[in-house]
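Biologist: I would like a close look at one part of this model, explained slowly enough for a student in the first year. Please begin from the part I ask about and then work outwards to the rest of the chain.

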Amino acid sequence: MIDKKSRVKDAQMVYNKKITIQKKTTARNEEGIYIDTWMDYVSVYAYAKKLYGKEYFAAAAVNAQDSLKVYVRYISKLDSSKVDISTTNLRMIFENQTYDIKNIDNIGFENRTIEILVESQRGDAL
């Protein structure tokens, strides 16, 4: 059963920003050399917010890059307990910027909302 607090939190999130998750693959180029390439894995609408307060300072202590938390409705393609995904092989494109995915969390294992923590890649500014 979904509690009232969860329903209110979900209602406050507006999934109106399109994101694309890309997956790293290895392909052979024209010369026969294997190179890493990025292929679109899934495109969804999301709710995105910058980190503030304690979350911001914790992220800044480790790295000076800008960080975002992105929320999407549950999809099994992003559930690491069901699909073999590694955050090192995934990245996110949002508003023409590339972000490294640091963590993917199926919040409360409820299969309702997935939280994705991302950092801008070096050279990309928010």
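Are F94 and Y99 buried or exposed? Please take that pair as the starting point and connect it with the other side-chain pairs and with the chain as a whole.

Modeller: Both F94 and Y99 are buried, and I should say at once that this is a predicted model, so that every value here is computed from predicted atoms. A residue counts as buried when its relative accessible area is under 20%, and that is the cut-off behind the word for these two residues. The rings of F94 and Y99 form an aromatic pair, with 6.4 Å from centre to centre and 45 degrees between the planes, which makes the pair tilted. Residue F94 belongs to strand β4, which covers residues 90-94 and has the highest mean pLDDT among the elements of the chain, at 95. Residue Y99 falls within strand β5, which spans 97-106.

The count of aromatic pairs comes to 2, and the other one is formed by Y47 and Y71, again tilted, with 6.0 Å between the centres and 35 degrees between the planes. This pair links distant parts of the chain, since Y47 lies in strand β2 (residues 34-50) and Y71 in strand β3 (residues 67-73), 24 residues apart. The two partners differ in their exposure, because Y71 is buried at 5% relative accessibility, whereas Y47 is partly exposed at 26%.

Charged side chains add two further links. The charged end of K77 sits over the ring of Y41, at 5.2 Å from the ring centre. There is also 1 salt bridge by the rule used here, and K69 forms it with E115, the closest N and O atoms being 3.6 Å apart. In general, side chains of opposite charge can pair when their charged atoms come close. The salt bridge, too, joins distant parts of the chain, with K69 in strand β3 and E115 in strand β6, 46 residues apart, and both K69 and E115 are buried.

If we follow strand β5 onwards, we come to the loop between β5 (97-106) and β6 (113-120), which holds F109. The backbone of F109 has a positive phi of about 55 degrees, although F109 is not a glycine, and N111, which is not a glycine either, also has a positive phi of about 55 degrees. That deserves a remark because most residues other than glycine have a negative phi. N111 is placed in the loop between β5 and β6 as well. F109 is exposed, at 69% relative accessibility, while N111 is partly exposed, at 34%.

Stepping back to the whole chain, we find 2 helices and 6 strands, in the order α-β-β-α-β-β-β-β from the N terminus on. Buried residues make up 34% of the 126 residues, and the accessible surface comes to about 8,300 Å², with 50% of it belonging to carbon and sulfur atoms. Among the contacts with a separation of 6 or more, 57% are between residues 24 or more positions apart.

Finally, a word on confidence: the chain averages a pLDDT of 82, and 76% of the residues score at least 70. Helix α2, residues 53-62, has the lowest mean pLDDT among the elements, at 52.

Technical notes: Residues numbered from 1 in each chain as written. Predicted model: local features only at pLDDT ≥ 70, side-chain atom pairs only at ≥ 80, totals over all residues. Heavy atoms only, no water. Helix = DSSP H or I, 4+ residues; strand = E, 2+ residues; numbered from the N terminus. Buried < 20%, exposed > 50% of the residue type's maximum accessible area, 1.4 Å probe, protein only. Contact = heavy atoms within 4.5 Å. Areas by Shrake-Rupley, 256 points an atom, 1.4 Å probe, with all protein chains shown as cover. pLDDT = per-residue confidence, 0-100. Phe/Tyr/Trp six-rings, centres within 6.5 Å; stacked < 30°, edge-to-face > 60°. Lys NZ or Arg CZ within 6 Å of the ring centre and 35° of its normal. Salt bridge = Lys/Arg side-chain N within 4 Å of Asp/Glu carboxyl O.
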